[in-house]
Amino acid sequence: GDLEAAAKFFSTYLQNRAQETTVIGLDAGASDVKWLQTTIAGMELKTSFPGAGDGFSVLADVAVETLSMNFSDSRGPTVSGTVQARMQLPKGVDMSIIKDVTS
């Protein structure tokens with residue numbers, strides 16, 4: 001489904017590997033030019049989406065709010081907790097460009 005496709009896309013991106021993708025036009029922004037709006041809506045372009053690049057970190061301002069460790073579990077130690085972090089996108093990428101993610 002969509003969640004699995006999004007996970008695969010971001011995993012490949014964070015591994016700094018380029019991947020083939022399809023960009024689908026929604027509209028031509030605030031343009032009043034009717035033929036331009038019609039042309040852009042639904043336009044599909046196949047392209048290569050680059051990897052994140054060296055030195056990119058998707059998480060910033062990471063804070064561990066709660067943490068629990070259990071060493072008595074027969075399967076081995078377990079850790080659980082709550083972590084808050086700010087997700088960063090690459091420069092020039094705005095989350096609003098993403099409408100649907102499908103495989």
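The legends below describe an overview and several close-up views of a predicted model of a protein.

**Figure 1. Overview of the predicted model, with two helices and four strands**. Read from the N terminus, the order of elements is α-β-α-β-β-β. The radius of gyration of the protein is 20 Å, whereas a compact globule of 103 residues would have one near 13 Å. Along the principal axes, the C-alpha atoms occupy a box of roughly 65 × 30 × 25 Å. Of the contacts with a sequence separation of 6 or more, 51% join residues 24 or more positions apart.

**Figure 2. Surface and charges of the protein**. The accessible surface amounts to about 8200 Å². Carbon and sulfur atoms supply 56% of this surface. Buried residues account for 11% of the 103 residues. The protein carries 8 positive and 12 negative charges, and the mean positions of these two sets lie 3 Å apart.

**Figure 3. Thr-12 in helix 1**. Helix 1 spans residues 2–14 and includes Thr-12. Thr-12 has a relative accessible area of 9%. Thr-12 therefore counts as buried, since this value is under 20%. When neighbours within four places in sequence are set aside, the residues in contact with Thr-12 are Arg-17, Ala-18 and Gln-19.

**Figure 4. Asn-16 in the loop that follows helix 1**. Asn-16 belongs to the loop between helix 1 and strand 1, and that strand covers residues 19–24. Most residues other than glycine have a negative phi. Asn-16 is not a glycine, yet its phi is positive, at about 60°. The relative accessible area of Asn-16 is 34%, which makes this residue partly exposed.

**Figure 5. Gln-19 in strand 1 and its contacts**. Gln-19 is part of strand 1. With a relative accessible area of 13%, Gln-19 is buried. A polar atom of the Gln-19 side chain lies 3.0 Å from the backbone oxygen of Phe-9. Apart from neighbours within four places in sequence, Gln-19 is in contact with Phe-9, Thr-12 and Tyr-13, and also with Thr-47, Ser-48 and Phe-49. The contact with Thr-12 links this view to Figure 3.

**Figure 6. Asp-61 in strand 3 and its polar contact with Arg-86**. Strand 3 runs over residues 59–70 and contains Asp-61. The phi of Asp-61 is near 55°, a positive value in a residue that is not glycine. Why is Asp-61 classed as exposed? Asp-61 is exposed because its relative accessible area is 57%, and the class begins over 50%. The side chains of Asp-61 and Arg-86 form a polar contact at 3.0 Å. Leaving out neighbours within four places in sequence, Asp-61 is in contact with Gln-84, Ala-85 and Arg-86. The C-alpha atom of Asp-61 is separated by 8.8 Å from that of Met-87, a residue 26 positions away along the chain.

**Figure 7. Glu-65, also in strand 3**. Glu-65 has a relative accessibility of 49% and is therefore partly exposed. Beyond neighbours within four places in sequence, Glu-65 is in contact with Thr-82 and Gln-84. The C-alpha atoms of Glu-65 and Leu-14 are 25 Å apart, and 51 residues separate the pair in sequence.

**Figure 8. Gln-84 in strand 4 and its contacts**. Gln-84 lies in strand 4, which covers residues 78–87. The relative accessible area of Gln-84 is 42%, so this residue is partly exposed. With neighbours within four places in sequence left aside, Gln-84 is in contact with Asp-61, Val-62, Ala-63 and Glu-65. Two of these partners, Asp-61 and Glu-65, are the subjects of Figures 6 and 7. From Gln-84 to Thr-66 the C-alpha distance is 9.9 Å, and the sequence separation is 18 residues.

Methods:
Residues are numbered from 1 along each chain as its sequence is written. This is a predicted model: local features need pLDDT of at least 70, side-chain atom pairs count only at pLDDT 80 or more; totals for chains, interfaces and linings use all residues. Side-chain values use heavy atoms; hydrogens and water are left out. The radius of gyration is taken over C-alpha atoms; the globule rule is 2.2 Å times the number of residues to the power 0.38. Buried means under 20% relative accessible area, exposed over 50%, partly exposed in between (1.4 Å probe, protein chains only). Contact means heavy atoms within 4.5 Å. Accessible areas come from the Shrake-Rupley method with a 1.4 Å probe; for residues, only the protein chains shown count as cover. Lys and Arg count as positive and Asp and Glu as negative; His and the chain ends are not counted. The place of a charge is taken as NZ of Lys, CZ of Arg, CG of Asp or CD of Glu. A polar contact is a pair of N or O atoms within 3.5 Å; within protein, one must be able to donate a hydrogen and the other to accept it, and residues adjacent in sequence count only if both atoms are side-chain atoms.
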